[in-house]
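Reader: I would like to learn how to read the features of a protein model one at a time, with the general idea set out before the particular case. Could we take the model shown here and work through it together?

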Amino acid sequence: GYGDAEIAIARRALSSLIGGIGYFYGRGLVAAGPMPGPGDDANVPPAELSAPYALFATTPSRPFFPRGFLWDEGFHQLLLARWDADLSLDIVRSWFSTMDASGWIAREQILGDEARSKVPAEFQVQYPNFANPPTLLFAVRALAERTAANELSGLAEQLEQVYCERDVPDPATSQTLTLPRIAELHRFSSRLLDYFMATQAGARGRGYRWRGRTEGHTLTSGLDDYPRARPPSSGELHVDLFAWVTYMLAVDTELAAHDSGGGRAANQTAVRERERQLEEHLQLLDELHWNPERNMYCDVTARARADYDELEDDGGEPEEAAFVCHRGYVSLFPMLLGLVAPDSPKLGHILDMVEDPAELWTAYGLRSLSARDPYYGKDENYWRGPIWLNVNYLVLAALHKTYATAPGPFRDQAARIYRELRANLVANVLGQYQSTGFFWENYSPDDGHGQGTHPFTGWTSLIVLIMAEQYH
(Lines give C-alpha, C1' and ligand atoms only; values in the text may rest on other atoms or scores of the structure.)
Protein backbone atom coordinates (compact mmCIF):
# COMPACT_ATOMS: atom_id res chain seq x y z
CA GLY A 1 0.00 0.00 0.00
CA TYR A 2 2.99 2.34 -0.09
CA GLY A 3 3.72 4.63 -2.98
CA ASP A 4 6.99 5.16 -4.84
CA ALA A 5 8.13 7.97 -2.53
CA GLU A 6 7.71 5.87 0.63
CA ILE A 7 9.41 2.86 -0.94
CA ALA A 8 12.31 5.06 -2.05
CA ILE A 9 12.82 6.27 1.54
CA ALA A 10 12.80 2.68 2.82
CA ARG A 11 15.43 1.77 0.20
CA ARG A 12 17.60 4.66 1.34
CA ALA A 13 17.36 3.51 4.95
CA LEU A 14 18.47 -0.02 4.05
CA SER A 15 21.18 1.27 1.71
CA SER A 16 22.60 3.56 4.38
CA LEU A 17 22.67 0.75 6.94
CA ILE A 18 24.55 -1.46 4.48
CA GLY A 19 26.88 1.42 3.65
CA GLY A 20 27.73 1.72 7.32
CA ILE A 21 29.28 -1.76 7.50
CA GLY A 22 32.97 -1.54 8.31
CA TYR A 23 36.04 -3.60 9.11
CA PHE A 24 37.89 -2.30 12.16
CA TYR A 25 41.27 -3.30 13.54
CA GLY A 26 43.35 -2.09 16.44
CA ARG A 27 43.87 -2.10 20.19
CA GLY A 28 41.21 -1.19 22.72
CA LEU A 29 41.63 0.26 26.22
CA VAL A 30 40.51 -2.41 28.69
CA ALA A 31 40.65 -2.21 32.48
CA ALA A 32 42.79 -4.81 34.23
CA GLY A 33 39.86 -5.70 36.49
CA PRO A 34 36.25 -4.83 37.32
CA MET A 35 35.15 -1.32 38.18
CA PRO A 36 34.30 -1.09 41.91
CA GLY A 37 30.64 -0.64 42.77
CA PRO A 38 28.92 1.97 44.98
CA GLY A 39 30.29 1.87 48.52
CA ASP A 40 33.25 -0.28 47.49
CA ASP A 41 36.58 1.06 48.72
CA ALA A 42 38.62 -0.78 46.06
CA ASN A 43 40.70 1.28 43.67
CA VAL A 44 39.75 1.76 40.04
CA PRO A 45 41.87 -0.75 38.08
CA PRO A 46 44.42 0.59 35.60
CA ALA A 47 43.67 0.50 31.89
CA GLU A 48 45.78 -1.45 29.46
CA LEU A 49 45.88 -1.65 25.69
CA SER A 50 44.53 -4.97 24.50
CA ALA A 51 46.20 -7.12 21.89
CA PRO A 52 45.11 -5.93 18.43
CA TYR A 53 42.00 -7.57 17.08
CA ALA A 54 39.48 -7.16 14.28
CA LEU A 55 35.75 -6.45 14.23
CA PHE A 56 33.37 -6.62 11.27
CA ALA A 57 30.33 -4.55 12.23
CA THR A 58 27.68 -2.04 11.30
CA THR A 59 27.78 1.51 12.62
CA PRO A 60 24.93 3.69 13.91
CA SER A 61 26.18 6.77 12.07
CA ARG A 62 29.19 6.80 9.78
CA PRO A 63 30.27 10.43 10.43
CA PHE A 64 29.47 10.57 14.16
CA PHE A 65 29.67 7.01 15.52
CA PRO A 66 32.00 5.17 13.13
CA ARG A 67 32.56 2.13 15.38
CA GLY A 68 30.75 -0.88 16.74
CA PHE A 69 28.20 -0.61 19.56
CA LEU A 70 27.04 -3.86 21.12
CA TRP A 71 23.54 -2.69 22.12
CA ASP A 72 22.92 -1.20 18.68
CA GLU A 73 24.26 -4.14 16.69
CA GLY A 74 21.50 -6.59 17.55
CA PHE A 75 18.90 -4.17 16.18
CA HIS A 76 20.93 -3.56 13.04
CA GLN A 77 21.07 -7.27 12.31
CA LEU A 78 17.29 -7.63 12.43
CA LEU A 79 17.13 -5.69 9.17
CA LEU A 80 20.44 -6.72 7.63
CA ALA A 81 19.64 -10.43 8.03
CA ARG A 82 16.50 -9.94 5.94
CA TRP A 83 18.66 -8.64 3.12
CA ASP A 84 21.57 -11.09 3.44
CA ALA A 85 21.49 -13.62 6.28
CA ASP A 86 24.95 -14.99 5.53
CA LEU A 87 26.47 -11.51 5.77
CA SER A 88 24.60 -10.99 9.03
CA LEU A 89 25.98 -14.27 10.37
CA ASP A 90 29.52 -13.11 9.51
CA ILE A 91 28.97 -9.96 11.59
CA VAL A 92 27.47 -11.90 14.50
CA ARG A 93 30.42 -14.30 14.43
CA SER A 94 32.85 -11.38 14.39
CA TRP A 95 31.29 -9.89 17.51
CA PHE A 96 31.40 -13.20 19.34
CA SER A 97 35.03 -13.66 18.30
CA THR A 98 35.82 -10.66 20.53
CA MET A 99 34.36 -12.44 23.57
CA ASP A 100 36.86 -13.17 26.35
CA ALA A 101 37.11 -16.35 28.41
CA SER A 102 34.45 -15.15 30.86
CA GLY A 103 31.91 -14.43 28.12
CA TRP A 104 32.36 -10.65 28.18
CA ILE A 105 32.10 -8.51 25.05
CA ALA A 106 33.09 -4.85 25.27
CA ARG A 107 29.99 -2.75 24.79
CA GLU A 108 31.77 -0.06 22.74
CA GLN A 109 34.48 -1.07 20.30
CA ILE A 110 37.02 1.76 20.16
CA LEU A 111 39.90 0.23 18.23
CA GLY A 112 43.02 2.30 17.52
CA ASP A 113 44.15 5.89 18.00
CA GLU A 114 41.89 7.31 15.30
CA ALA A 115 38.79 5.79 16.90
CA ARG A 116 39.82 7.02 20.36
CA SER A 117 40.29 10.55 19.02
CA LYS A 118 36.51 10.78 18.57
CA VAL A 119 35.60 9.53 22.07
CA PRO A 120 35.86 11.54 25.32
CA ALA A 121 38.52 10.10 27.63
CA GLU A 122 36.02 9.13 30.35
CA PHE A 123 34.25 6.76 27.95
CA GLN A 124 37.26 5.08 26.35
CA VAL A 125 38.08 2.41 28.94
CA GLN A 126 35.98 -0.77 28.82
CA TYR A 127 35.45 -2.67 32.08
CA PRO A 128 35.02 -6.46 32.12
CA ASN A 129 32.09 -6.28 34.58
CA PHE A 130 30.16 -3.78 32.43
CA ALA A 131 27.51 -5.59 30.42
CA ASN A 132 25.17 -4.25 27.75
CA PRO A 133 21.72 -5.42 26.60
CA PRO A 134 22.18 -8.77 24.80
CA THR A 135 20.42 -7.72 21.61
CA LEU A 136 22.77 -9.92 19.56
CA LEU A 137 20.50 -12.74 20.70
CA PHE A 138 17.75 -11.28 18.51
CA ALA A 139 19.99 -12.11 15.56
CA VAL A 140 21.14 -15.44 17.02
CA ARG A 141 17.56 -16.54 17.58
CA ALA A 142 16.43 -15.49 14.10
CA LEU A 143 19.45 -17.11 12.44
CA ALA A 144 18.89 -20.32 14.40
CA GLU A 145 15.24 -20.46 13.35
CA ARG A 146 16.14 -19.94 9.72
CA THR A 147 19.01 -22.40 9.93
CA ALA A 148 16.74 -25.03 11.42
CA ALA A 149 14.40 -24.49 8.50
CA ASN A 150 17.34 -24.53 6.05
CA GLU A 151 16.49 -21.04 4.89
CA LEU A 152 19.80 -19.19 5.16
CA SER A 153 20.32 -17.34 1.92
CA GLY A 154 22.39 -19.35 -0.52
CA LEU A 155 23.29 -22.05 2.00
CA ALA A 156 21.60 -24.99 0.30
CA GLU A 157 22.79 -23.94 -3.15
CA GLN A 158 26.38 -23.40 -1.98
CA LEU A 159 26.53 -26.78 -0.28
CA GLU A 160 24.98 -28.52 -3.29
CA GLN A 161 27.62 -26.97 -5.55
CA VAL A 162 30.44 -28.00 -3.21
CA TYR A 163 29.26 -31.59 -3.06
CA CYS A 164 28.78 -31.78 -6.83
CA GLU A 165 32.30 -30.46 -7.43
CA ARG A 166 33.74 -33.03 -5.03
CA ASP A 167 31.70 -35.81 -6.61
CA VAL A 168 30.38 -37.07 -3.27
CA PRO A 169 26.81 -37.95 -2.32
CA ASP A 170 24.52 -35.07 -1.49
CA PRO A 171 23.83 -35.05 2.28
CA ALA A 172 20.36 -33.75 1.62
CA THR A 173 18.99 -33.87 5.16
CA SER A 174 18.42 -30.59 6.92
CA GLN A 175 19.79 -32.07 10.15
CA THR A 176 23.14 -32.83 8.53
CA LEU A 177 23.37 -29.30 7.17
CA THR A 178 22.18 -27.35 10.19
CA LEU A 179 23.28 -29.06 13.39
CA PRO A 180 26.85 -27.68 13.37
CA ARG A 181 25.60 -24.13 12.93
CA ILE A 182 22.89 -24.51 15.58
CA ALA A 183 25.55 -25.81 17.97
CA GLU A 184 27.70 -22.77 17.19
CA LEU A 185 24.85 -20.35 17.90
CA HIS A 186 24.03 -22.24 21.09
CA ARG A 187 27.60 -21.81 22.30
CA PHE A 188 27.34 -18.05 21.71
CA SER A 189 24.09 -17.87 23.66
CA SER A 190 25.24 -20.01 26.60
CA ARG A 191 28.52 -18.18 27.12
CA LEU A 192 26.81 -14.79 27.06
CA LEU A 193 24.10 -15.95 29.47
CA ASP A 194 26.62 -17.45 31.89
CA TYR A 195 28.53 -14.15 31.89
CA PHE A 196 25.41 -12.15 32.77
CA MET A 197 24.36 -14.50 35.54
CA ALA A 198 27.86 -14.48 37.04
CA THR A 199 28.68 -10.76 36.82
CA GLN A 200 25.36 -8.91 37.04
CA ALA A 201 23.81 -10.79 39.97
CA GLY A 202 22.15 -8.65 42.62
CA ALA A 203 22.89 -8.60 46.33
CA ARG A 204 22.37 -11.98 48.00
CA GLY A 205 21.85 -13.58 44.62
CA ARG A 206 18.31 -12.32 44.01
CA GLY A 207 17.70 -10.41 40.81
CA TYR A 208 20.24 -8.49 38.75
CA ARG A 209 21.95 -5.12 38.83
CA TRP A 210 23.61 -3.19 36.01
CA ARG A 211 27.20 -2.44 36.92
CA GLY A 212 28.56 0.96 35.96
CA ARG A 213 25.95 3.15 37.69
CA THR A 214 26.55 6.80 38.45
CA GLU A 215 24.25 9.36 40.02
CA GLY A 216 22.63 10.33 36.74
CA HIS A 217 23.47 7.55 34.31
CA THR A 218 23.30 3.81 33.75
CA LEU A 219 25.16 3.74 30.45
CA THR A 220 25.46 -0.04 30.55
CA SER A 221 21.67 -0.44 30.34
CA GLY A 222 21.66 1.36 26.98
CA LEU A 223 19.11 3.80 28.41
CA ASP A 224 21.77 6.22 29.68
CA ASP A 225 20.01 8.93 31.76
CA TYR A 226 16.71 7.09 32.35
CA PRO A 227 15.92 7.76 36.04
CA ARG A 228 16.89 5.10 38.58
CA ALA A 229 17.33 5.02 42.34
CA ARG A 230 19.17 7.94 43.90
CA PRO A 231 21.82 7.71 45.18
CA PRO A 232 23.25 4.68 43.33
CA SER A 233 23.39 1.58 45.50
CA SER A 234 24.74 -1.93 45.30
CA GLY A 235 21.37 -2.95 46.74
CA GLU A 236 19.55 -2.06 43.52
CA LEU A 237 17.76 -4.58 41.32
CA HIS A 238 16.91 -3.50 37.77
CA VAL A 239 13.75 -4.79 36.13
CA ASP A 240 14.96 -4.33 32.56
CA LEU A 241 18.08 -6.38 33.30
CA PHE A 242 15.99 -9.10 34.97
CA ALA A 243 13.81 -9.19 31.85
CA TRP A 244 16.89 -9.43 29.60
CA VAL A 245 18.33 -12.36 31.57
CA THR A 246 14.96 -14.13 31.50
CA TYR A 247 14.77 -13.59 27.74
CA MET A 248 18.30 -14.99 27.41
CA LEU A 249 17.18 -18.09 29.31
CA ALA A 250 14.24 -18.50 26.91
CA VAL A 251 16.52 -18.22 23.87
CA ASP A 252 19.12 -20.56 25.31
CA THR A 253 16.41 -23.10 26.16
CA GLU A 254 15.23 -23.06 22.55
CA LEU A 255 18.75 -23.43 21.18
CA ALA A 256 19.57 -26.20 23.65
CA ALA A 257 16.47 -28.08 22.47
CA HIS A 258 17.63 -27.74 18.83
CA ASP A 259 21.16 -28.72 19.79
CA SER A 260 19.97 -31.85 21.59
CA GLY A 261 18.43 -33.19 18.40
CA GLY A 262 21.11 -35.86 18.16
CA GLY A 263 20.02 -37.27 21.49
CA ARG A 264 23.17 -36.39 23.41
CA ALA A 265 22.49 -36.87 27.11
CA ALA A 266 24.56 -33.86 28.15
CA ASN A 267 22.52 -31.53 25.94
CA GLN A 268 19.22 -32.97 27.12
CA THR A 269 20.33 -32.36 30.70
CA ALA A 270 21.19 -28.78 29.73
CA VAL A 271 17.70 -28.33 28.28
CA ARG A 272 16.07 -29.46 31.52
CA GLU A 273 18.30 -27.19 33.60
CA ARG A 274 17.56 -24.15 31.44
CA GLU A 275 13.83 -24.91 31.57
CA ARG A 276 14.01 -25.02 35.36
CA GLN A 277 15.87 -21.70 35.50
CA LEU A 278 13.43 -20.09 33.06
CA GLU A 279 10.39 -21.14 35.08
CA GLU A 280 12.05 -19.87 38.26
CA HIS A 281 12.87 -16.52 36.67
CA LEU A 282 9.37 -15.99 35.30
CA GLN A 283 8.00 -16.45 38.80
CA LEU A 284 10.66 -14.31 40.46
CA LEU A 285 10.14 -11.48 37.94
CA ASP A 286 6.69 -10.82 39.37
CA GLU A 287 7.71 -11.45 42.96
CA LEU A 288 10.57 -8.97 42.84
CA HIS A 289 9.49 -6.31 40.39
CA TRP A 290 5.70 -6.08 40.09
CA ASN A 291 4.33 -3.27 42.24
CA PRO A 292 0.66 -4.09 42.96
CA GLU A 293 -0.02 -0.60 44.29
CA ARG A 294 1.22 1.15 41.15
CA ASN A 295 0.24 -1.71 38.79
CA MET A 296 3.57 -1.61 37.00
CA TYR A 297 6.99 -3.23 36.88
CA CYS A 298 9.61 -1.27 38.81
CA ASP A 299 13.24 -1.28 39.81
CA VAL A 300 13.94 -2.16 43.43
CA THR A 301 16.45 -0.81 45.91
CA ALA A 302 17.28 -2.06 49.40
CA ARG A 303 19.15 0.03 51.95
CA ALA A 304 21.68 -1.84 54.04
CA ARG A 305 21.58 0.98 56.61
CA ALA A 306 21.07 4.67 56.02
CA ASP A 307 24.10 4.94 53.77
CA TYR A 308 23.43 2.49 50.92
CA ASP A 309 26.63 0.53 51.58
CA GLU A 310 27.22 -2.87 49.99
CA LEU A 311 24.91 -5.50 51.46
CA GLU A 312 27.03 -8.04 53.27
CA ASP A 313 26.27 -11.60 54.21
CA ASP A 314 26.90 -10.92 57.88
CA GLY A 315 23.78 -12.61 59.12
CA GLY A 316 21.96 -9.30 59.50
CA GLU A 317 18.89 -8.42 57.49
CA PRO A 318 18.80 -5.39 55.16
CA GLU A 319 15.95 -2.96 55.37
CA GLU A 320 12.86 -3.89 53.40
CA ALA A 321 13.25 -3.37 49.67
CA ALA A 322 11.58 -0.31 48.18
CA PHE A 323 10.21 0.05 44.67
CA VAL A 324 11.73 2.69 42.38
CA CYS A 325 9.02 3.38 39.81
CA HIS A 326 9.35 5.51 36.69
CA ARG A 327 6.75 4.75 34.03
CA GLY A 328 8.40 4.44 30.65
CA TYR A 329 10.57 2.15 28.59
CA VAL A 330 12.15 0.37 31.58
CA SER A 331 8.76 -0.60 33.01
CA LEU A 332 7.74 -2.04 29.62
CA PHE A 333 10.59 -4.53 29.24
CA PRO A 334 8.79 -7.62 30.58
CA MET A 335 6.15 -7.08 27.89
CA LEU A 336 8.66 -6.06 25.19
CA LEU A 337 10.47 -9.38 25.62
CA GLY A 338 7.29 -11.48 25.70
CA LEU A 339 7.45 -12.42 29.38
CA VAL A 340 3.92 -11.33 30.31
CA ALA A 341 1.17 -13.86 29.58
CA PRO A 342 -1.49 -12.67 27.08
CA ASP A 343 -4.25 -13.32 29.62
CA SER A 344 -2.45 -11.70 32.57
CA PRO A 345 -4.19 -8.70 34.19
CA LYS A 346 -0.72 -7.14 34.32
CA LEU A 347 -0.82 -6.84 30.52
CA GLY A 348 -3.97 -4.75 30.74
CA HIS A 349 -2.29 -2.26 33.08
CA ILE A 350 0.75 -2.05 30.79
CA LEU A 351 -1.36 -1.44 27.69
CA ASP A 352 -3.36 1.24 29.50
CA MET A 353 -0.09 3.02 30.32
CA VAL A 354 1.12 2.71 26.73
CA GLU A 355 -1.94 4.36 25.17
CA ASP A 356 -2.44 7.07 27.77
CA PRO A 357 -1.48 10.48 26.25
CA ALA A 358 -0.61 11.70 29.75
CA GLU A 359 1.89 8.85 30.07
CA LEU A 360 3.64 7.45 26.95
CA TRP A 361 1.37 7.94 23.95
CA THR A 362 2.02 10.66 21.36
CA ALA A 363 0.99 11.11 17.74
CA TYR A 364 4.62 10.40 16.74
CA GLY A 365 5.47 7.29 18.78
CA LEU A 366 5.89 6.29 22.42
CA ARG A 367 7.77 8.59 24.78
CA SER A 368 10.70 7.06 26.63
CA LEU A 369 9.43 8.42 29.95
CA SER A 370 5.96 9.33 31.19
CA ALA A 371 5.03 12.97 30.79
CA ARG A 372 3.89 12.81 34.45
CA ASP A 373 7.31 11.74 35.73
CA PRO A 374 9.18 14.44 37.71
CA TYR A 375 12.29 13.75 35.59
CA TYR A 376 10.47 14.10 32.27
CA GLY A 377 12.38 16.37 29.89
CA LYS A 378 14.93 17.31 32.55
CA ASP A 379 18.72 17.73 32.45
CA GLU A 380 20.33 15.87 29.54
CA ASN A 381 16.90 14.68 28.39
CA TYR A 382 18.22 11.79 26.33
CA TRP A 383 15.97 8.92 27.49
CA ARG A 384 13.63 11.12 29.51
CA GLY A 385 10.98 11.75 26.89
CA PRO A 386 12.36 11.48 23.33
CA ILE A 387 10.96 8.81 21.02
CA TRP A 388 13.40 6.04 20.07
CA LEU A 389 12.73 3.70 17.16
CA ASN A 390 14.40 0.63 18.65
CA VAL A 391 12.11 0.40 21.67
CA ASN A 392 9.03 1.37 19.65
CA TYR A 393 9.96 -1.47 17.30
CA LEU A 394 10.07 -3.88 20.26
CA VAL A 395 6.61 -2.73 21.34
CA LEU A 396 5.22 -3.34 17.85
CA ALA A 397 6.95 -6.72 17.58
CA ALA A 398 5.50 -7.91 20.89
CA LEU A 399 2.02 -6.71 19.96
CA HIS A 400 2.12 -8.12 16.43
CA LYS A 401 3.61 -11.51 17.29
CA THR A 402 1.81 -12.22 20.55
CA TYR A 403 -0.60 -9.86 22.22
CA ALA A 404 -2.70 -8.79 19.21
CA THR A 405 -3.14 -12.38 18.03
CA ALA A 406 -3.15 -14.67 21.08
CA PRO A 407 -6.51 -15.35 22.73
CA GLY A 408 -7.02 -13.21 25.77
CA PRO A 409 -9.05 -10.33 27.21
CA PHE A 410 -6.64 -7.68 25.85
CA ARG A 411 -6.30 -8.85 22.26
CA ASP A 412 -8.50 -6.13 20.76
CA GLN A 413 -6.78 -3.39 22.76
CA ALA A 414 -3.36 -4.70 21.71
CA ALA A 415 -4.42 -4.82 18.05
CA ARG A 416 -5.73 -1.26 18.17
CA ILE A 417 -2.53 0.04 19.77
CA TYR A 418 -0.48 -1.84 17.18
CA ARG A 419 -2.31 -0.32 14.21
CA GLU A 420 -2.25 3.23 15.51
CA LEU A 421 1.32 3.18 16.82
CA ARG A 422 2.65 1.70 13.59
CA ALA A 423 0.84 4.32 11.49
CA ASN A 424 2.14 7.14 13.70
CA LEU A 425 5.76 5.98 13.55
CA VAL A 426 5.78 5.45 9.79
CA ALA A 427 4.12 8.79 9.08
CA ASN A 428 6.50 10.72 11.32
CA VAL A 429 9.82 9.09 10.35
CA LEU A 430 9.03 9.29 6.65
CA GLY A 431 7.65 12.80 7.00
CA GLN A 432 10.77 13.98 8.81
CA TYR A 433 12.96 12.41 6.14
CA GLN A 434 11.00 14.14 3.39
CA SER A 435 11.32 17.54 5.11
CA THR A 436 14.93 17.29 6.34
CA GLY A 437 16.63 14.63 4.20
CA PHE A 438 17.79 12.74 7.31
CA PHE A 439 17.00 9.80 9.52
CA TRP A 440 17.46 10.93 13.13
CA GLU A 441 18.76 9.44 16.37
CA ASN A 442 15.44 10.13 18.12
CA TYR A 443 12.32 12.22 17.70
CA SER A 444 10.61 14.89 19.78
CA PRO A 445 7.53 13.78 21.73
CA ASP A 446 6.12 17.29 21.37
CA ASP A 447 5.99 17.75 17.60
CA GLY A 448 7.82 14.73 16.18
CA HIS A 449 10.79 16.65 14.78
CA GLY A 450 14.04 14.73 14.37
CA GLN A 451 16.71 15.45 16.95
CA GLY A 452 20.08 14.24 18.16
CA THR A 453 22.66 12.80 15.79
CA HIS A 454 21.94 12.88 12.07
CA PRO A 455 22.37 11.16 9.76
CA PHE A 456 21.57 8.25 12.07
CA THR A 457 20.49 5.22 10.11
CA GLY A 458 21.41 2.59 12.72
CA TRP A 459 18.34 1.31 14.50
CA THR A 460 16.19 4.07 13.01
CA SER A 461 16.33 1.92 9.87
CA LEU A 462 13.99 -0.48 11.70
CA ILE A 463 11.28 1.68 10.15
CA VAL A 464 11.74 -0.55 7.07
CA LEU A 465 10.76 -3.68 9.03
CA ILE A 466 7.89 -1.78 10.63
CA MET A 467 6.61 -0.78 7.19
CA ALA A 468 6.97 -4.36 5.94
CA GLU A 469 5.56 -5.84 9.17
CA GLN A 470 8.55 -8.16 9.39
CA TYR A 471 9.36 -8.62 13.06
CA HIS A 472 11.91 -10.79 14.83
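Author: What follows is a walk through the overall make-up, the strands, a disulfide, some single residues, a helix and the cavities. Please keep in mind throughout that this is a predicted model.

Reader: Let us begin with the whole chain; how many helices and strands are there, and what share of the residues is buried?

Author: The protein has 14 helices and 15 strands, and buried residues account for 56% of its 472 residues. Of the contacts between residues at least 6 apart in sequence, 70% join residues that are at least 24 apart.

Reader: How should I read the two faces of a strand, and which residues of β1 lie on the covered face?

Author: The general idea is that side chains in a regular strand alternate between the two faces of the sheet. In strand β1, which spans residues 22–26, the covered face carries Gly22, Phe24 and Gly26, whereas Tyr23 and Tyr25 belong to the uncovered face.

Reader: And which strand does β1 pair with?

Author: As a general matter, strands of a sheet pair through backbone hydrogen bonds, in either a parallel or an antiparallel sense. Here β1 runs antiparallel to strand β4 (residues 53–57), and five bridges join the two; within that pairing, Tyr25 has Ala54 of β4 as its bridge partner.

Reader: Where a sheet is open, what is the order of its strands, and which of them stand at the edges?

Author: One open sheet of three strands is ordered β7-β10-β11, and its pairing is antiparallel. The edge positions are taken by β7 (236–237) and β11, each of which has a single partner strand, so each has one side left without a neighbour in the sheet. Between β10 and β11 the antiparallel pairing extends over three bridges, and Asp299 stands opposite Val324 of β11.

Reader: Staying with β11, is Phe323 buried or partly exposed, and what does it touch?

Author: Phe323, a residue of strand β11, counts as partly exposed, with a relative accessibility of 36%. Setting aside residues up to four places away in sequence, Phe323 touches Leu288, His289, Trp290, Asn291, Cys298, Asp299 and Val300. For a sense of how sequence and space are related, Phe323 and Leu237 are 86 residues apart in sequence, yet their C-alpha atoms are 9.5 Å apart.

Reader: Cys298 appears among those contacts; which residue is its disulfide partner, and how is the link described?

Author: A search of the whole structure finds one disulfide, formed by Cys298 and Cys325, whose sulfur atoms are 2.0 Å apart. The link is right-handed, with 105 degrees about the S-S bond. Cys298 lies in the loop between β9 (296–297) and β10 (299–301), and Cys325 in the loop between β11 (322–324) and α10 (329–336), so the pair ties together parts that are 27 residues apart in sequence. Cys298 is buried at a relative accessible area of 1%, and Cys325 is likewise buried, at 13%.

Reader: How do I read a polar side-chain contact, taking Arg141 as the example?

Author: One may begin with the place of the residue and then turn to its partners. Arg141 sits in helix α5 (residues 136–148), and its side chain is joined to that of Glu254 by a polar contact of 2.3 Å. Beyond its neighbours within four places in sequence, Arg141 is in contact with Tyr247, Val251 and Glu254.

Reader: Ser444 lies in a loop; is it buried or exposed?

Author: Ser444, in the loop between β14 (442–443) and β15 (450–451), is buried, because its relative accessible area of 3% falls under the 20% cut-off. Not counting residues up to four places away in sequence, Ser444 touches Tyr364, Ile387, His449 and Gln451.

Reader: For a helix, which residues of α11 are buried, and what do they pack against?

Author: In helix α11 (residues 345–354) the buried residues are Leu347, Gly348, Ile350, Leu351, Met353 and Val354. The elements they pack against are β9, α10, β12 (361–362), β13 (365–366), α12 (389–403) and α13 (411–436).

Reader: Finally, how many cavities are there, and what lines the largest?

Author: A search of the whole structure finds three cavities of 30 Å³ or more, the largest with a volume of about 60 Å³. This largest cavity is lined by 13 residues, of which Leu70, Ile105, Asn132, Leu192 and Phe196 lie nearest its centre, and helix α7 (residues 174–199) gives the most to the lining, with three residues.

Notes:
Residues are numbered from 1 along each chain as its sequence is written. This is a predicted model: local features need pLDDT of at least 70, side-chain atom pairs count only at pLDDT 80 or more; totals for chains, interfaces and linings use all residues. Side-chain values use heavy atoms; hydrogens and water are left out. A disulfide is a pair of cysteine sulfur atoms within 2.5 Å. Helices (H or I, at least four residues) and strands (E, at least two) are DSSP runs, numbered from the N terminus. Buried means under 20% relative accessible area, exposed over 50%, partly exposed in between (1.4 Å probe, protein chains only). A polar contact is a pair of N or O atoms within 3.5 Å; within protein, one must be able to donate a hydrogen and the other to accept it, and residues adjacent in sequence count only if both atoms are side-chain atoms. Contact means heavy atoms within 4.5 Å. Two strands pair if DSSP finds at least two bridges between them. On a 1 Å grid over the protein atoms alone, a cavity is a set of points where a 1.4 Å probe fits but cannot get out, and a pocket is an open set with protein on both sides within 12 Å along at least five of seven lines; lining residues have an atom within 4 Å of a point. Grid points are joined across faces, edges and corners, and a volume is the space filled by probe spheres set on the points.
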